[in-house]
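Please open the structure in your viewer and keep the sequence panel visible. The tour below proceeds by selection, from whole chains to single residues.

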Amino acid sequence: MELIEIKSLKVTFPTEAGLVRSVDCVDLQLGAREKLGLIGETGSGKSVLAHATLRLLQPDALCEGEILYQGRNLLDCTPTELRRLRGRELALIPQNPSRALNPLQTVGKQLFETLRQAGYSKKEAVAKMPELLRSVGAIDPDSWAKAYPHECSGGMCERIVIALSLAFSPSLLLADEPTKGLDSLNRARIITLLGEVTENRALLFITHDLEAAALLCTRLALMYAGELVELGDKAAVFENPLHPYTRGLLFALPARGMQPIPGRSPPLTALPDGCRFHSRCPEAIARCRSQHPPLFDTGNGHFCRCWLYV
Amino acid sequence: MVLEIGNRYILRRFFSGLLAFLLSITLTFFLLRSLPGDYMTDLLLEIGRYAPPELVASFKHEVGLDLPLPEQYLLYLTGILKGNWGHSFEYGLPVFSLIREKLYWTLVLLLPSSLLSAGLGMGFGAYSGWKNGSKTDAFLLHSLVFVGAVPSYCWGFAGLFIFSFRLGLLPFGGYVSLPGTEPAGLFRHALLPVLTLTLCSVPGIYYLMRNSMLDTLGEDYILAARARGFSESRILFQHALPNSILPVLTMTSLHCAHMLAGSVFIETIFAWPGLGLLTYSALETHDLPLLQGIFLVDTLLIIIANLTADLLYPLIDPRIRSRIRGE
């Protein structure tokens, strides 16, 4: 059985400008030790997907479909059941780590609180803290524990939020852009660290950093304007990208010419008819303007939402 | 902890307070002197409809009002520094001792209503923000908008009308029951003015706290705490509340100090023998030295309130502690 199975998930937010369709009919599966990279630009719905999985969206967000965790639909869970799952089973490594820490408490206090939440006694929590900090790369755990979040660097904060998520030893880590805003050295270190800590657990790696995803993940899913546009094994996606958007992203990499995709993604309140990417697509045909493409199976578990592969 | 903050910070706050104090008493000195009318003319006109100019002039000479303004100002400043705040025209007594006695009675009203309104305003505000969008939130918000929109004296009169006139439960005014000043009597007298003052300053603190709570709830660390499965009460008391109180602190302390101004109305309505009532009568009679003294005390109280907030911040917020250490 898959660890987590997302079935035609739809997330919409009512706003004054109209209904925002953040996530639209997304289907995804993740095995027990699988590492899946969820790639997309800002506003493509990847963070919303992660927050929906943990049921952390604002109360007015409307979720349809199913998110099955070990066969249990998370969208039907009561708040108490959710609280038992959050952290313990499904852990989030939030975006902007420096803002994801309470500025008024020391790192040690927040770790202690989290370890206590994970079920450790006071003594055990105190004993476990340095070990946990060392496991995310702290050489001097005591000084880390005494520091306040504003005294920590970006890389340090990232490690601390990873440590917080590991306090429970969850079976799935949802890492929301953990390499964002880090210099290349820290980025490499965080990628290595994430690889180490997810050896025995599943990882949903949300990012727009294609290279980081390539290093960490076995499968890649690409999102555009709320829907999946391509899904496949890492090698297949990198060597034989099917969707023009994926190709565009690859060409935008510094190593492959650094050619950005022209234009911008459509507003989620007024999505175009036909393919959502057609206005930016160099290969668009007449059909792309009028008909919305489904996700085609091109064989070997490689899926693509594009009329070129009918 | 205080030592950790650093004496330089405290000294700097203290000096900026002193500067504000000097500026403020200078302004009040010149503003009061630009008021139309004067004590003797008013008094004489009240008695006999005619104020002989030579009498007015001799009074002015006696109290030094005929000196050039800069000289008066210098005399005033040196007087304050020496602890001589002048003598009241009306009462003939030293201003300082007059104010000291009245300030005591004002503080009897002000301290409980400060504590009450800070507690209630912050409590309601935090709850309302936390339960944003709920029926309780809507009820609190609408009723406190209404309470805040009605002037304090209206609430004072309404209280008097209902509890003293209609129900006969509380006295109409004053501060003691005969015989003596037993605590129960004082409590009965102080109840309405304290409640009125509280009622009028709760809405301001409430809005600030509610907004601050809403801002805090949008922060990433609240989301992160939820993602770790913390209970809602833990999130509220450990994370949301301490962070949302911070920006409200200064305004609340100032709010409490500003109640002093509100107490002019309240003390007049309830005939409470405090600084407010004294201010009112001193304004009526153009009692310049007394007014100067009262405004000086007002200024001091506001500066002290501000200073308290400034000194509290580093104790609560580690970011400010670091900034001070870095200075």
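Begin by selecting chain A, which contains eleven helices and twelve strands. Please bear in mind throughout that this is a predicted model. Along the principal axes, the C-alpha atoms of chain A occupy a box of roughly 65 × 45 × 40 Å. The radius of gyration of chain A is 20 Å, which agrees with the value near 19 Å that a compact globule of 310 residues would have. Of the 310 residues in chain A, 46% are buried. Now consider the contacts in chain A between residues at least 6 apart in sequence: 64% of them join residues at least 24 apart.

**First stop: I4(A)**

Select residues 4-15 of chain A, which form strand 1, and then I4(A) within that strand. Is I4(A) buried or exposed? I4(A) counts as buried, because 24 C-beta neighbours lie inside 10 Å and the cut-off for a buried residue is 20 or more. To see part of these surroundings, display L30(A), L68(A), Y69(A) and L172(A), which are in contact with I4(A) when neighbours within four places in sequence are left aside. For a sense of distance, add A270(A): its C-alpha atom is separated by 31 Å from that of I4(A), and the two residues are 266 apart along the chain.

**Second stop: two loop residues with positive phi**

Most residues other than glycine have a negative phi. Chain A offers two residues to set beside that rule.

Select R55(A), in the loop between helix 1 (46-53) and strand 4 (62-69) of chain A. Its phi is near 55°, a positive value in a residue other than glycine. R55(A) is buried, since 21 other C-beta atoms lie within 10 Å.

Next, move to S169(A), in the loop between helix 6 (154-166) and strand 7 (172-176) of chain A. The phi of S169(A) is also positive, near 50°, and this residue too is not glycine. How many C-beta neighbours does S169(A) have inside 10 Å? There are 13, so S169(A) counts as partly exposed.

**Third stop: where the chains meet**

Display both chains together. The contact between them takes 22 residues from chain A and 18 residues from chain B. On the side of chain A that touches chain B, helix 2 (79-85) and helix 3 (107-117) of chain A each supply at least two residues. By class, this side of chain A has ten nonpolar, six polar and six charged residues.

**Fourth stop: chain B as a whole**

Hide chain A and select chain B, which has 14 helices and zero strands. The C-alpha atoms of chain B fill a box of roughly 85 × 60 × 35 Å along the principal axes. Buried residues account for 34% of the 327 residues in chain B. Among the contacts in chain B with a separation of 6 or more, 73% are between residues 24 or more positions apart.

**Fifth stop: helices 3 and 4 of chain B**

Select residues 39-48 and 53-63 of chain B, which are helix 3 and helix 4; they pack at an angle of about 140°, with their axes 9 Å apart. That angle makes helix 3 of chain B oblique to helix 4 of chain B. The crossing of helix 3 of chain B and helix 4 of chain B is right-handed. Display the side chains that make the contact: M40(B), T41(B) and L44(B) from helix 3 of chain B, and L55(B), V56(B) and F59(B) from helix 4 of chain B. Five of these residues are nonpolar, one is polar and none is charged.

**Last stop: helices 12 and 13 of chain B**

Select residues 275-285 and 288-316 of chain B, which are helix 12 and helix 13; their axes are 9 Å apart and the angle is about 145°. Helix 12 of chain B passes helix 13 of chain B in a left-handed crossing. Which residues meet here? L275(B), L278(B), T279(B), A282(B) and L283(B) of helix 12 of chain B meet L290(B), L291(B), I294(B) and V297(B) of helix 13 of chain B. This contact has eight nonpolar residues, one polar residue and no charged residues.

Keep helix 12 of chain B selected and pick out its buried residues, L275(B), G276(B), L277(B), L278(B), T279(B) and A282(B). What covers them includes helix 6 (95-130), helix 11 (232-269) and helix 13 of chain B. Finally, select H286(B), just after helix 12 of chain B, where phi takes a positive value of about 60°.

Note on methods
Residues are numbered from 1 along each chain as its sequence is written. Chains are lettered from A and ligands numbered from 1 in the order in which they are written. This is a predicted model: local features need pLDDT of at least 70, side-chain atom pairs count only at pLDDT 80 or more; totals for chains, interfaces and linings use all residues. Helices (H or I, at least four residues) and strands (E, at least two) are DSSP runs, numbered from the N terminus. A residue is buried if 20 or more other C-beta atoms lie within 10 Å of its own, exposed if 12 or fewer, and partly exposed in between; C-beta atoms are placed from the backbone. Two residues are in contact if their C-beta atoms, placed from the backbone, lie within 7 Å. Axes are lines fitted to C-alpha atoms, for helices over the stretch in contact, and angles run from 0 to 180 degrees between N-to-C directions. Angles under 35 degrees count as roughly parallel, over 145 as roughly antiparallel, 65 to 115 as roughly perpendicular and the rest as oblique. A crossing is left-handed if the near helix is turned anticlockwise from the far one by less than a right angle, and right-handed if clockwise. Ala, Val, Leu, Ile, Met, Phe, Trp, Tyr, Cys and Pro count as nonpolar, Asp, Glu, Lys and Arg as charged, and the others, Gly among them, as polar. The radius of gyration is taken over C-alpha atoms; the globule rule is 2.2 Å times the number of residues to the power 0.38.
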